[in-house]
There are 4 protein chains.
Amino acid sequence: MTVSVGILGATGAVGQRLIQLIDPNPDFEIEALTASESSVGKSYREASKWRIDMPIPDDVAETEVVATEPDAVPDDVDLIFSSLPSSVGEAVEPEFCEAGYVVSSNSSNARADDDVPLVIPEVNADHMDLIEVQRDERGWDGALIKNPNCSTITMVPPLAALDEAAGLERIEVATLQAVSGAGYSGVSSMEIIDNAIPHIGKEEKKMETESRKLLGEFDGAEVHWHDADVAASCNRIPTIDGHLENVWADTAEDLSPSAAEEALEAYPSLDLPSSPDQLIEVFDEPDRPQPRMDRNLGDGMTVSVGGVQETTHGLQFNCLAHNTLRGAAGASVLNGELLVESGYL
Amino acid sequence: MTVSVGILGATGAVGQRLIQLIDPNPDFEIEALTASESSVGKSYREASKWRIDMPIPDDVAETEVVATEPDAVPDDVDLIFSSLPSSVGEAVEPEFCEAGYVVSSNSSNARADDDVPLVIPEVNADHMDLIEVQRDERGWDGALIKNPNCSTITMVPPLAALDEAAGLERIEVATLQAVSGAGYSGVSSMEIIDNAIPHIGKEEKKMETESRKLLGEFDGAEVHWHDADVAASCNRIPTIDGHLENVWADTAEDLSPSAAEEALEAYPSLDLPSSPDQLIEVFDEPDRPQPRMDRNLGDGMTVSVGGVQETTHGLQFNCLAHNTLRGAAGASVLNGELLVESGYL
Amino acid sequence: MTVSVGILGATGAVGQRLIQLIDPNPDFEIEALTASESSVGKSYREASKWRIDMPIPDDVAETEVVATEPDAVPDDVDLIFSSLPSSVGEAVEPEFCEAGYVVSSNSSNARADDDVPLVIPEVNADHMDLIEVQRDERGWDGALIKNPNCSTITMVPPLAALDEAAGLERIEVATLQAVSGAGYSGVSSMEIIDNAIPHIGKEEKKMETESRKLLGEFDGAEVHWHDADVAASCNRIPTIDGHLENVWADTAEDLSPSAAEEALEAYPSLDLPSSPDQLIEVFDEPDRPQPRMDRNLGDGMTVSVGGVQETTHGLQFNCLAHNTLRGAAGASVLNGELLVESGYL
Amino acid sequence: MTVSVGILGATGAVGQRLIQLIDPNPDFEIEALTASESSVGKSYREASKWRIDMPIPDDVAETEVVATEPDAVPDDVDLIFSSLPSSVGEAVEPEFCEAGYVVSSNSSNARADDDVPLVIPEVNADHMDLIEVQRDERGWDGALIKNPNCSTITMVPPLAALDEAAGLERIEVATLQAVSGAGYSGVSSMEIIDNAIPHIGKEEKKMETESRKLLGEFDGAEVHWHDADVAASCNRIPTIDGHLENVWADTAEDLSPSAAEEALEAYPSLDLPSSPDQLIEVFDEPDRPQPRMDRNLGDGMTVSVGGVQETTHGLQFNCLAHNTLRGAAGASVLNGELLVESGYL
């Protein structure tokens, strides 16, 4: 059975990645592409400034872009992927849910809402059932599901593995984030060539809250956030794709670096079409992972870890994921696949 | 009175910066330039692959490069600046000291030795008197003085200010380091364009030990290292000059961000010729300091700080310094100036 | 005598460079800064996203930004510098000229107009007298003077020297242009990191027409454009500042590379405050000039040349100039200085 | 039938690309990997500093590296690929040919020799029969075949198409070349970040001579070089892979841009396994091709062309190819495939 799909915000950097991932996927069929007013009525080729190093799929290129509103999307669309600016998402996504659409969203609005599942399938698939609470409370036929932001996704799988193994108490994380995370024109070249910027909007706060919700426990009614203390410092650097992060993790119990590496490698992936065979790849070389070298592992869906070492209080390590694949478009697609598998579609 | 100066390792990246700083300095006169075998006998212009964006000073350009050994350097040289590879420095610097030369060295060898002063003049000028212990123990007429490595220098002035204000207990630091820190050919372009490397040789260990020695107390006989817990994670990124660092500092006493900023700005500079008017510059803008924008503040000798904020355990901030000026050549020159002022020359 | 100055479009990349150059200039006093609607009423510090690696001059930072219209500018302003988008310049500059202001403009509109002087002072200062033709025809008390675009300015001084020495017949030029030439947000980082773009708006046409006007002869009534055949190919590359160009110049007479280098070095500069001592600097090293190494020669006002060699039809060489100093803001300031010296103010 | 293959210089940047291409190729089986003295006896994983963003193939990683001499290579190897430094190639390749090996070489030595085929299969496959002249003259059982250098390969297919259509008389070409063309450590990051270098060793001369040999006619006894006048200007820019070139081509007959585009698109590819379906891809968008966006077209074996326009003397266009695939490793592999098809193996 093929699932009919619509993409909200299809011309942006994440929208382009969604198309790259969904077009070849045999289970999904792209039926609708939406964008802002100025693009409506144009072919996708005209409307998007395509920045991926493969051509636009031919059928997508000729698709007419429609407005970002429920009436503009055909009724037979089963699943909506959303990568809208958060202010737009906040206004529009509930309209789609009310109109009966299930929305797998990458937009940052509503991620912390009590009744909105924030999910990385390999980490907390069980949180998806928060949909039932949501439908009860909001009276929707549709549903709103979120994936976390790209820098959070990069660190949470390894943190989940370590939490299981030794209990997390305190986290510090410094990020080295690629420019694609800010969208196509988010970072000008004059800002970033021969430079680095030690601040990214509300990113630090997002990492601190979203990670605790993801690592929390769902008791069937609500998610009890993990009580680890998380402090993030976010930097933009001159790389195209791939967020690299340095993490310090204080653990409740002692865990040797080699035991930590075993726990990381053993952390299970899922059978979803977009899940990588190996969720967490651990490098022996201390200078890996690196963005340009390792971001495409597992078709961009693997999280890489390296430099695991002991500190006085626990462990220190580096991790990397492709920010617009595992960290955004791929994350939404995975959630879409989980929705299909869980019978929500 | 002019001090006659020799430079060991004059053709390297730091050697070039030493020439840039010392040539216009009215108190110093360059008398000797040394380099490795293949450069000996050539003019400096021929021997060095000059990478600074100002021309080689004319008189320096025509100076003949000599061997890196005491006999090749004129006797009337009063002060030696050394930026040798550490393995060479380890072998050669003691020979110069034994031959009676005072050596202000940027090389990483011997920095942790008990009787070697490791000094940032504005932070721990009093450690310079360790020279007397050194001369007693080693029987030298000369002396060996070290500045710390570039990433350590960047964070220690702000840490010293915060230590004074509230007592440091635990430090985590993630660095975003410029390629010039690895020397002229240390990082190939294929390694670093569109990339970042989460590992730099023994840099993490250096930051952890050197910072504790610098912040320690000298009781006239030995330096009692600071007992703060320091954990560093070092990254190379595609910037030319300027090391940016994210620091978490747990403090013994509570210190509000605004009180911290006051303490940082009030931390005194010195009257040495190369000391900046303001040692620590504090930015209000959360996205500053940035390497390309702020590395040249105070002629490259200021340390910039920004993003000061509270954490559960203390403070978090960003800092930046020009790694080959404040962090290397300028650090050695400052130590040279302190040696002159302290009467060691 | 101090000349009171207004700057139109003061918040843009060239506007910032104008402030950097004019503020320390003892002959000029900044009286008015204009920008677009959204900036009016703000202090310059608030209105501009400053991108130059030195702080905003204090008095400029506190100046209130006014609207880009003659009424908003004090009457005692003697000279207007303009770096507006060309569509705005086209509408607004004539209004200032009609209101009696002399406008030295970097905007691309009107450069090819018959009665508008297009001037590089060291090359064709005599064209400035076209102002009289302009005033006759347009009935203005003020005047409109243009400098050419940044990529044209880079090659025209060496071409002028070679034209004098051997007569130019045909020119091909390929450019490697810095991102600052497109303004602060003109080139996004996703477009240019690890990339190059072989097309820049109407740049090729500008180089072909403006160079021929600059090298033309003014007979007191009109400029007879040079009849050399000029073909340009323009590329954007990931550099911050400095346009590098490869030029092939077919000459009417034979000219050896060494004779060409002599002619280039002997080409005279002027005594204007912003003219460099040496207008054209010739490098012997075949791999120079380079943007990062040589763009600041002569305080960014020198044109560098290297790689001069013979071809079957003439000569081939490389040239470089700082695109926002010599190529834009400095070019306008130089024209302002020439206006002062020529008595037009 | 599988061809047993040896790779000389297997650890370098081109050697790595040879492995990437040959390993998955069902017709070739890697039997021997050679490198310099310091690597001999190590596994390939230890010996090579792998820089390609996919893992080393497992079987290759464990292969023991042998010395670069005929005796170290098993006798059953049928075909040798060589990517040695030219000075080494000059000494060693003839020894392999004398020992009976057929060598498809990317090294720059001997490319201009009268009896050495210099071949781009889609352009001048018939030149391969120069092998018979070579064997007569040198008495070899083996043979030495060369592909041109990477910047030459990029422009010659479009030039061949235009030569057929309208006759080439004069060529000027400016290159914007990626750092991988200089090998793994050929360009240091301090040289090229925020910079460009207008000179690449003997590259200009290579482009001028190799292109004329490739476009020449082979009469069964010798190659008559094309008599077009070729002048090249070569630049290194901060891109990882992909050489972009601006070309001016004076033609004997008039050829409109649209007729030129037709001729380019119609220029035939071959049926060799590594030949792309479309040899020359023509872009309508004036800002294409771009290195990061288009270098991987046709698995890195397509040559892209854009910006075709008329000049007074003929045509002007831009072209791009992946310099280590189409321009080096892929070029050698293609020649190997042609050798197999032509029965020389």
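Here are a few exercises with worked solutions on this predicted model.

**Exercise 1. Work out how chain B is placed relative to chain A, and through which surface the copies meet.**

Step 1: Start with the general idea. Two copies of a chain are related by a rotation about an axis and a shift along it.

Step 2: Now find both parts here. Chain B is superposed on chain A by a rotation of 180° with 0.0 Å of shift along the axis, and the RMSD is 0.0 Å. The two copies are thus related as by a two-fold rotation axis.

Step 3: Check the interface. Of the interface residues of chain B, 100% are also interface residues in chain A, so the copies meet through the same surface.

**Exercise 2. Describe how chain A is divided into domains and how many residues of each are in contact.**

Step 1: Read off the bounds. The domain assignment gives domain 1 of chain A as 3-149 + 328-341, and domain 2 as 150-322.

Step 2: Look at the spacing. Taken over C-alpha atoms, the centres of domain 1 and domain 2 of chain A are separated by 24 Å.

Step 3: Look at the contacts. In chain A, 32 residues of domain 1 touch 36 residues of domain 2, going by contact.

Step 4: Bring in the record. An unreviewed UniProt entry lists residues 4-131 of chain A as "domain: Semialdehyde dehydrogenase NAD-binding". That span is 30% helix and 18% strand, and its end C-alpha atoms lie 20 Å apart.

**Exercise 3. Decide whether helix H1 of chain D is mostly covered or mostly open, and say what covers its buried residues.**

Step 1: Recall the cut-off, since a residue is buried when its relative accessible area is under 20%.

Step 2: Apply it. In H1(D), residues 13-22, 9 of the 10 residues are buried, so you can call the helix mostly covered. Among them are Val14(D), Leu18(D), Ile19(D) and Ile22(D), but also Arg17(D) and Gln20(D).

Step 3: Find the cover. It includes strands S1 (3-8), S2 (28-35) and S4 (79-82) of chain D. Helices H2 (44-47), H3 (58-62) and H13 (325-341) of chain D are also included.

**Exercise 4. Trace the open sheet of 6 strands in chain D, then place helix H10.**

Step 1: Write down the order. It goes S10-S7-S11-S14-S13-S12 (chain D), and the pairing is mixed.

Step 2: Find the edges. S10 (229-236) and S12 of chain D each pair on one side only, which makes them the edge strands. On average, neighbouring strands are turned by 20° against each other, direction ignored.

Step 3: Zoom in on one pair. S13 (303-310) and S14 (314-321) of chain D run antiparallel and are joined by 5 bridges. Glu310(D) has Leu315(D) in S14(D) as its bridge partner.

Step 4: Add the helix. H10 (257-266) of chain D lies across S12, S13 and S14 of chain D, running at about 165° to S13(D).

**Exercise 5. Find backbone features to look up in the loops of chain A.**

Step 1: Look for a cis bond. The peptide bond from Arg288(A) to Pro289(A) is cis, with omega near 0°. Pro289(A) sits in the loop between strand S12 (280-282) and helix H11 (291-294) of chain A.

Step 2: Look for positive phi outside glycine. Ala110(A) has a phi of about 70°, and it is in the loop between strand S5 (102-105) and helix H5 (121-124) of chain A. Asp194(A) has a phi near 55° and belongs to the loop between helix H8 (189-192) and helix H9 (203-214) of chain A.

Step 3: Is Asp194(A) buried or exposed? Its relative accessible area is 3%, so Asp194(A) is buried.

Technical notes:
Residues numbered from 1 in each chain as written. Chains lettered and ligands numbered in written order. Predicted model: local features only at pLDDT ≥ 70, side-chain atom pairs only at ≥ 80, totals over all residues. Heavy atoms only, no water. Buried < 20%, exposed > 50% of the residue type's maximum accessible area, 1.4 Å probe, protein only. Helix = DSSP H or I, 4+ residues; strand = E, 2+ residues; numbered from the N terminus. Contact = heavy atoms within 4.5 Å. Least-squares fit on C-alpha atoms with pLDDT ≥ 70 in both. UniProt positions renumbered as here; feature names shortened; annotations may be inferred. Pairing = 2+ DSSP bridges. Axes fitted to C-alpha atoms, helices over the stretch in contact; angles between N-to-C directions. Domains from an automatic or database assignment.
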